[in-house]
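User: I'm new to this protein and would like to learn how to read it. Could you walk me through it, one feature at a time?

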Amino acid sequence: MKYNPVVNEALAAESAWTGLHPLQEAGEIQGALAVMARLQNDLAEATGLPGVTLHPAAGAHGELTALMVLRAWLDSCGETKRRTILIPDSAHGTNPASCTLAGFEVVTVKSDNEGLCDLDALANLLDETTAGLMITNPNTLGLFEEGIQEICQMVHKAGGRVYMDGANFNAIAGITRPGDFGIDMMHLNLHKTFSTPHGGGGPGAGPVCVTEELAPFLPGPHVIEDEDGFLLQNPNKSVGRLRNWHGNFLVLLRAYAFIKRLGGPGLKRMAQAAVLNANYLRVQCNKHWRVPFDRICMHEFVARPTKAMKEKGIRTLDIAKRLIDLGYHPPTIYFPLVIPEAIMVEPTETESKETLDAFAGALNQIAEEALRGDSALKQAPATTPVGRVDEARAVKDPNLCFRCS
Ligand SMILES: Cc1ncc(COP(=O)(O)O)c(C=O)c1O
């Protein structure tokens, strides 16, 4: 979770924005439309993909949007038999779910020993039913897919298109552009990369950027500029609306403010700092923890308990719970699925060296407690009103009453 600039929150709370109504005529909301049009341009420039829709309400919604665009494009080419999407096993969990929702069949591509998409496995799976490949890059192991250019060429040669889950764009923004290495479509998690607090179920935005070939199929209306100003228009082969109104405008506004304040060089520094922080933490932790792919990572890395810790009966859930006692919100655990007992560490660019050292200290303290067989680990969290809950039951049968008898 990164710190989000307070100035963006103040900006988003301004009544000049919050007082707008989405049914107002374009002539009355030129400022808001200008923000959207310029954000579309900035995202196109940052990704190297010229077609942009700001509609999707979250990353997963962006995935669904892009897959619907792909399907409409395939249908327009008469390619109605192409209904398979290949997805590496290190992909984010929303990827296969979005494919299924969009009516595609998911086929898994296994990772190689380096944690990257296995090119031979991919070659064996490409055929005349392939609609495309959906690849998270950097992947959920925090590794950049080094073969991405070749991967794109292989999929294109087979007649498919490549979707990149760009939720991890904060590792590469300003450094490389997906459109330049062959990606056809991608989403961005504005609420992760470009300000707005991520998580907690709040509003998000998952704009989709596509090549010129796919742009006519994007949802509409979107903002264009002509000699009279900014106006809303439908792309000519649009898949239609995927949500009401024009996207989560205040999330878009924060992203625009964030991009303008940093500029291109600032975005590059952001990505470099996120990568540096993750690598610093990785090296602080790799003596006490097992880091399965212990080499230069991008903005995150995945660790797991060592064999000695496991022999003491310690599970990653115990570690996450103990982190609460030490003052930390636990990160994602048991994901990605390719690493058993995974704990995913993603410090982002805004943490100082002191906070990184403190977090590494907490993780390493837990590792020592585990080896000593300290009961604090199995009893954690001890500092919260409620200790361990039946998490599966809490999801399936939530009791949301305040002080129920
Ligand atoms: C790699 C990746 N893809 C997709 C998503 C889904 O995004 P959202 O939660 O906004 O739907 C996330 C969420 O963080 C993610 O990390």
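User: Let's start at the ligand. Which residue has a polar side-chain atom 3.1 Å from an oxygen atom of the ligand?

Analyst: One thing to keep in mind as we go: this is a predicted model. To read polar contacts, look for pairs of N or O atoms within 3.5 Å. Here, the side chain of Asn 189 offers such an atom, 3.1 Å from a ligand oxygen. Gly 59 uses its backbone instead: an N or O atom there sits 2.8 Å from an oxygen atom of the ligand. His 92 brings a side-chain N or O atom to 3.4 Å from a nitrogen atom of the ligand.

User: How much of the ligand does the protein bury?

Analyst: For that, you take the area the ligand exposes when alone and ask what share the protein buries. On its own the ligand exposes 390 Å², and 82% of that is buried by the protein.

User: And which elements give two or more residues to the shell around the ligand?

Analyst: Those are α4 (59-76) and α8 (190-193). The largest share comes from α4, with three residues. In total, 14 residues surround the ligand, and the closest are Gly 59, Ala 60, Asp 165, His 191 and Lys 192.

User: How do the residues of that shell divide into nonpolar, polar and charged?

Analyst: Sort them by type and you get eight polar, three charged and three nonpolar residues.

User: Let's move to the core. What is the general idea there?

Analyst: In soluble globular proteins, nonpolar side chains tend to be buried together. In this model, the largest nonpolar core has 57 residues. The members touching the most others are Leu 39, Leu 43, Leu 133, Ile 183, Leu 190 and Phe 194.

User: Which element gives the most to this core?

Analyst: That's α9, which supplies 11 residues. Elements that each supply at least two include α3 (30-47), β4 (130-136), β5 (161-166) and α9 (249-285).

User: Why does this core lie between two domains?

Analyst: Check which domains its residues come from. Domain 1 (6-263) and domain 2 (264-384) both contribute residues, so the core lies between them.

User: Now the backbone. Where are the cis peptide bonds that involve Pro 336 and Pro 381?

Analyst: You read these from omega, which is about 0° for the bond joining Phe 335 and Pro 336. Pro 336 belongs to the loop between α11 (316-325) and β11 (343-345). Another cis bond links Ala 380 to Pro 381, again with omega about 0°. Pro 381 is in the loop between α13 (375-379) and α14 (391-396).

User: What about phi: what is its value for Ser 195 and for Trp 245?

Analyst: Here you look for a positive phi in a residue other than glycine. Ser 195 has phi near 75°, and Trp 245 has phi near 50°. Ser 195 is placed in the loop between α8 and β7 (208-210), while Trp 245 is in the loop between β9 (229-233) and α9.

User: Are Ser 195 and Trp 245 buried or exposed?

Analyst: Compare the relative accessible area with the cut-offs: under 20% is buried, over 50% is exposed, and in between is partly exposed. Ser 195 counts as buried because its relative accessible area is 0%. Trp 245, at 35%, is partly exposed.

User: And Thr 196, buried or exposed?

Analyst: Thr 196 is buried, because its relative accessible area is 4%. Thr 196 lies in the loop between α8 and β7. Its C-alpha atom is separated by 9.0 Å from that of Leu 250, 54 residues apart along the chain.

Technical notes: Residues numbered from 1 in each chain as written. Predicted model: local features only at pLDDT ≥ 70, side-chain atom pairs only at ≥ 80, totals over all residues. Heavy atoms only, no water. Near = heavy atom within 4 Å. Polar contact = N/O pair within 3.5 Å; in protein donor to acceptor, adjacent residues only side chain to side chain. Areas by Shrake-Rupley, 256 points an atom, 1.4 Å probe, with all protein chains shown as cover. Helix = DSSP H or I, 4+ residues; strand = E, 2+ residues; numbered from the N terminus. Nonpolar A, V, L, I, M, F, W, Y, C, P; charged D, E, K, R; others polar. Core = buried A, V, L, I, M, F, W, Y, C linked by side-chain atoms within 4.5 Å. Buried < 20%, exposed > 50% of the residue type's maximum accessible area, 1.4 Å probe, protein only. Domains from an automatic or database assignment.
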